[in-house]
Every structure is written in structure tokens, then in C-alpha cells.
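Thanks for coming, everyone. I'll walk through one protein today, from its cysteines out to its overall form. Please keep the picture in view while I talk.

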Amino acid sequence: MRLLALARQGDTTALCEVGRRYLLGMDGFPRYIDLGLDYLSHPSLASSVQATMVIADALSLAELARRNLLIVLSTAANAGLVSARLKLGIWRTLTSPDSAEAMSLLVAAADAGCDMAASALVAVRESPSNPGIAILNALLAFPSLEVQQAIVQALATAVRCRDLDFVARVLRQALLLRFESTSELADGVCEALSMLQHRGLSLMTYQSQRVEALLTLCVNRGNPAAALLLGRALCGINAASIPSSLLTARRNVRRGSALLLRAADAGYTEAWTLLYRLHANGHGPVANPQMARFFLEKAAEGGSANAQRQLGALLLRSATCLEEAEQGVQWLHTAASVGDPLARQLLSTLLLPCEGSDDEANSAIGAILDEDAWLAYRLRVARDFGLTKVEAINVDVVAGARAWGLVVLTPVPTSKSSIPRVLPGLRPEVLENLRMAVEYFRRSGQTPASSDTGRRQRLQRLRFALERRGIDESLFFVQANSSVLSARRVSSTWAFHSRLKIQAALAD
């Protein structure tokens with residue numbers, strides 16, 4: 001009671017003693033780390049080396065790392081505290097690429113009479129090729145140091161820092177050291193592997209049986225990231241920097257598929273893509289075209305640009321109706337909008353370019369807009385989407401507009417140009433121009449001509465406007481015969497002419 005009273009009065013010696021007893025849970029005080037640290041962080045101890053040394057000596061290395069108190073440990077080590085030098089030496093062994101500092105700390109601790117540090121130095125002399133592993137394996141024999149917990153905490157710190165070299169270094173030590181596998185270690189290894197798998201960082205080969213056991217422990221505890229890692233490996237699919245042989249000694253595609261499905265259900269879009277690849281392989285043990293299509297659709301819906309591009313290419317290649325063609329273009333447009341070049345290249349095969357420059361076309365449209373807005377908007381749509389003159393005059397812009405482009409359904413049943421064309425907008429400004437045209441035509445109420453007389457009148461109106469201003473109609477309309485147009489419509493003819501781009505789009 002007197003000790004607590006003195007501490008509350010600000011007595012520095014009492015504050016340090018109360019804090020120490022709470023940290024250790026001794027001499028009538030329960031172990032209450034937070035309260036002990038509150039006493040030791042009293043303002044009157046702000047510059048107290050004694051308080052620093054109490055914290056560094058009383059708390060384990062793992063606890064110091066977890067509470068971001070490594071600066072306290074470093075200060076105490078510099079002040080000559082033997083236990084602090086030993087703990088800091090262990091931490092530097094775990095985290096630093098250069099073992100010189102760790103060795104100097106351990107030497108200093110051993111010279112001060114620390115038997116544990118001396119044991120570590122003996123292990124280094126016996127195994128000089130890998131001093132870090134030798135030090136840690138030797139110190140694992142001393143339970144009071146809690147080296148295993150420190151390794152888990154170092155791995156968590158490395159992952160939190162997102163330093164890939166740091167993560168790989170600590171992961172290597174965690175997997176090579178001989179100590180019991182725990183759920184905390186398994187979670188740390190899984191998180192580290194998840195971070196490294198697509199970063200192109202070369203990793204050393206470990207004992208795959210241990211890695212598989214750790215990931216299996218995570219899977220059994222419901223960790224979907226572990227299911228993705230282990231499922232991929234069991235199916236023999238390598239990541240950028242982690243070959244499947246690193247994670248498992250043997251393949252088991254059926255078990256791997258089940259794990260991938262678990263990861264996919266948990267929200268990992270990549271797992272849907274991998275499942276598609278496995279089931280689309282006609283020679284694989286789980287080949288199933290119907291399931292493959294389902295998995296690809298799930299991956300596309302999950303936001304995978306590759307899956308969106310592949311699904312769009314599949315739909316276009318096999319399209320037998322306008323609805324399927326529209327779905328295919330929509331998926332390809334979604335992929336292209338996030339920068340997929342193959343999707344953009346495939347979409348471009350549906351378009352025909354007009355002649356002349358955009359500046360010329362904009363100038364001509366600006367000259368016509370004030371006198372004849374109807375014609376100006378049709379000319380803009382015609383150039384943006386590469387329409388023929390017949391298509392431009394007769395297309396129902398309002399009915400054909402889509403979020404991704406334009407469907408050309410001309411009301412000319414006897415004309416070959418009446419076959420639908422599905423035209424994507426490859427640039428944002430094209431889609432914005434289309435939106436403005438739709439607003440104008442909807443507001444003005446002007447519909448496509450439904451009779452031959454109406455169509456002839458519109459052609460005369462167009463010809464007069466262009467000739468009066470000396471504008472070449474090739475600036476707005478593509479000059480293409482029926483065979484060229486057929487190769488631009490979604491059909492078997494288009495699929496044949498575009499087969500190389502389709503194959504590229506379907507590739508992983």
C-alpha cells in the first residue's frame with residue numbers, strides 16, 4: 001500500500017518498482033502489462049533510463065515487438081542491459097540482412113556473463129555457413145526467451161511493413177527453424193506467401209511437407225487465402241514467384257479444385273479464373289465445359305479483366321443472335337475500359353474507319369450544327385462508329401444506343417445493310433457524343449424514316465448540305481462493299497477473319 005501511495009505521489013523509484021511488479025506479476029501484484037506500462041510511462045519518468053531498462057528486461061521480445069517498444073529495447077541495450085542486448089541480438093538476427101550487428105550484440109551479452117548468448121555463439125562456430133539459423137535454433141532451447149513467439153511477431157511485422165525482401169527473409173527462417181507449428185505461425189506464413197506469390201520475388205526451396213501442413217492448418221481453421229494457395233499448388237499451377245512444388249510434394253487436382261471453390265466462394269475472384277482453366281482443359285481430370293463456362297462467368301462478374309475478355313471473346317465467337325453478340329461486346333468493352341489491350345484489339349475488328357482527320361470532321365459538323373442539328377448529330381454518330389451512308393440516315397440512334405456503343409438496326413428489309421451491326425465505342429468521347437445525340441433525338445422526337453420517300457428525302461437533304469459547303473462525304477461515311485461489311489458483323493465470317501485476335505483474347 002505504501003509503495004502504491006508513493007507511486008501515486010510521483011516517486012520515480014516507486015513508479016519503476018510498481019511498474020516492474022505489474023509487468024512480471026510478482027510480489028503480491030497481478031500480471032497486468034497495460035497498467036505496468038502506464039506507471040512506467042509517467043511524465044516524471046520521461047527521461048528515466050531505469051524505466052526503460054525495467055520495460056526491456058521484464059517483457060519478452062515478442063511482447064516488445066507487438067507493442068512497438070523496440071526503440072525501448074534498443075535504448076536499454078545501448079545502456080548496457082545484458083538481457084536487452086540478448087533480445088535485440090535475436091531481433092536483428094531475425095530481421096536484418098547483415099548479421100554483424102546481431103553478432104556484436106550477442107558477443108557483448110556473452111562477455112557480460114549471459115550463458116544463452118554464449119550458447120548461440122558456440123552454435124555459430126559449429127555451423128558458420130548459416131549463422132542466423134544456428135543462433136535461432138540454439139536459443140529455441142531456452143523457453144524463457146520465447147523465441148518462437150518472436151519469430152511469429154517478426155513475420156507479422158514484415159508483412160505489415162510490406163517490404164518484400166524483409167518478408168522473404170523472415171519467412172525463410174520461420175520455415176527452416178525446428179520448432180512446433182502453431183496456428184499463429186500458420187497464419188503468418190499464409191499471409192506472407194499470399195503477399196509474395198504475385199510479386200516476382202525469387203524464393204528458396206523449403207520443405208514442402210511443412211509448408212503444406214501449415215497451409216492445411218489454416219484451411220482447417222477456415223482461412224480462404226490458404227485454400228487459394230494450397231488449392232493452386234495441388235493443381236500444379238505456379239504463381240509468379242512460388243512454384244507449386246514449394247507448397248506441396250504431390251498433386252491432387254480434385255482436392256485442389258475443392259479448395260479453390262472454397263476460396264472462390266469466400267470472394268477470391270482469382271480462384272474462379274483458376275477453376276475455369278482447370279475445367280476448360282479437355283484432358284484434365286476435372287474437365288467439364290459447362291462448369292468451365294460457369295466459372296468464367298463468375299470470374300468476369302467478380303471483376304477479372306482477363307475473364308471478362310475471355311468471356312466476351314467466347315460469346316462473340318459462338319454468337320447466333322443479336323443478344324449474344326451484345327453480351328460479348330459488353331464484356332469486352334468492360335475489360336477494355338480498365339486497360340486490357342487484347343479486348344480493345346478484338347473490339348476494333350468490328351469497326352470501319354472513316355477517312356480524313358477528326359479536326360476536319362469537327363469543323364464540318366460545327367458549320368452544319370446551327371442550321372441542321374438533326375443532320376449534324378447523325379454525321380457525328382456516323383463518323384464515330386464508321387457507318388455507311390444508308391446506315392447513318394436510317395439508324396434509330398435512340399433504340400440502338402447502349403452503354404458500350406451502338407447497335408445498328410436499319411429499317412431497310414431488302415438491303416444487306418439491314419443485318420445488325422454491333423459497334424463498340426472505344427473512346428470515352430465517342431460514348432459521350434452518343435449520349436448527346438440520344439438526348440437530342442429523344443427531345444426532338446425525330447424518328448427514322450419508315451418509307452422509301454422519306455429515305456430519299458433525307459439523302460437529298462444530306463447531299464445538299466454537304467455539297468453546299470464543299471464537304472467530302474467520305475469524311476463521315478465508310479465506303480465498303482457487302483463483303484467488307486459482312487466481315488465486320490458478328491458472324492462466322494467475322495470469326496474466321498478475326499481468328500488470330502480471338503485466340504489471343506482467349507489466352508490466359
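Start with the sulfur of Cys190. The closest cysteine sulfur to it sits in Cys218, 4.7 Å away, and that is too far for a bond. A disulfide is a covalent bond between the sulfur atoms of two cysteines. To count as one here, the two sulfur atoms must be within 2.5 Å. Cys190 and Cys218 are therefore not bonded, because 4.7 Å is too far. How many disulfides does the structure hold? Zero.

One word of caution before I go on: this is a predicted model.

Is Cys190 buried or exposed? Its relative accessibility is 1%, so Cys190 counts as buried. Cys354 has 16%, and it counts as buried too. The cut-off for buried is under 20%.

Next, a serine. Ser60 lies in a loop, between helix 4, residues 49–58, and helix 5, residues 61–66. Ser60 is buried, because its relative accessible area is 14%. What does Ser60 contact, once we leave aside neighbours within four places in sequence? Lys87 and Glu146.

Now go to Thr12. Thr12 is in helix 2, which covers residues 12–24. Its relative accessibility is 36%, so Thr12 counts as partly exposed. Partly exposed is the band between the buried cut-off, under 20%, and the exposed one, over 50%. Not counting residues up to four places away in sequence, Thr12 touches Ser44 and Leu45. Now look across to Thr493. Thr12 and Thr493 are 481 residues apart in sequence. In space, C-alpha to C-alpha, they are 89 Å apart.

Two loop residues deserve a stop. Take Asn68. Where is it? Asn68 is in the loop between helix 5 and helix 6, and helix 6 is residues 70–78. The phi of Asn68 is near 55°, a positive value, and this residue is not a glycine. At 60% relative accessibility, Asn68 counts as exposed.

Arg162 is the other stop. Its phi is positive as well, about 60°, and Arg162 is not a glycine either. Arg162 sits in the loop between helix 11, residues 147–161, and helix 12, residues 164–176. Is Arg162 buried or exposed? Exposed, because its relative accessible area is 52%.

Now step back to the whole chain. The protein has 31 helices and three strands. Along its principal axes, the C-alpha trace spans about 110 × 60 × 40 Å. What would a compact globule of 508 residues have as its radius of gyration? Near 23 Å, but this protein has 35 Å.

How much is buried? Buried residues make up 50% of the 508. On contacts, take pairs of residues at least 6 apart in sequence. Of those contacts, 61% join residues at least 24 apart.

Then the surface. The protein exposes about 23,800 Å². Carbon and sulfur atoms supply 51% of that area.

Last, charge. There are 53 positive side chains and 46 negative ones. The centres of the two sets lie 5 Å apart.

To recap: zero disulfides, 31 helices and three strands, and a radius of gyration of 35 Å. Over to you for questions.

Definitions and conventions. Residues numbered from 1 in each chain as written. Predicted model: local features only at pLDDT ≥ 70, side-chain atom pairs only at ≥ 80, totals over all residues. Heavy atoms only, no water. Helix = DSSP H or I, 4+ residues; strand = E, 2+ residues; numbered from the N terminus. Rg over C-alpha atoms; globule rule 2.2 N^0.38 Å. Buried < 20%, exposed > 50% of the residue type's maximum accessible area, 1.4 Å probe, protein only. Contact = heavy atoms within 4.5 Å. Areas by Shrake-Rupley, 256 points an atom, 1.4 Å probe, with all protein chains shown as cover. Lys, Arg positive; Asp, Glu negative; His and termini not counted. Charge placed at Lys NZ, Arg CZ, Asp CG, Glu CD.
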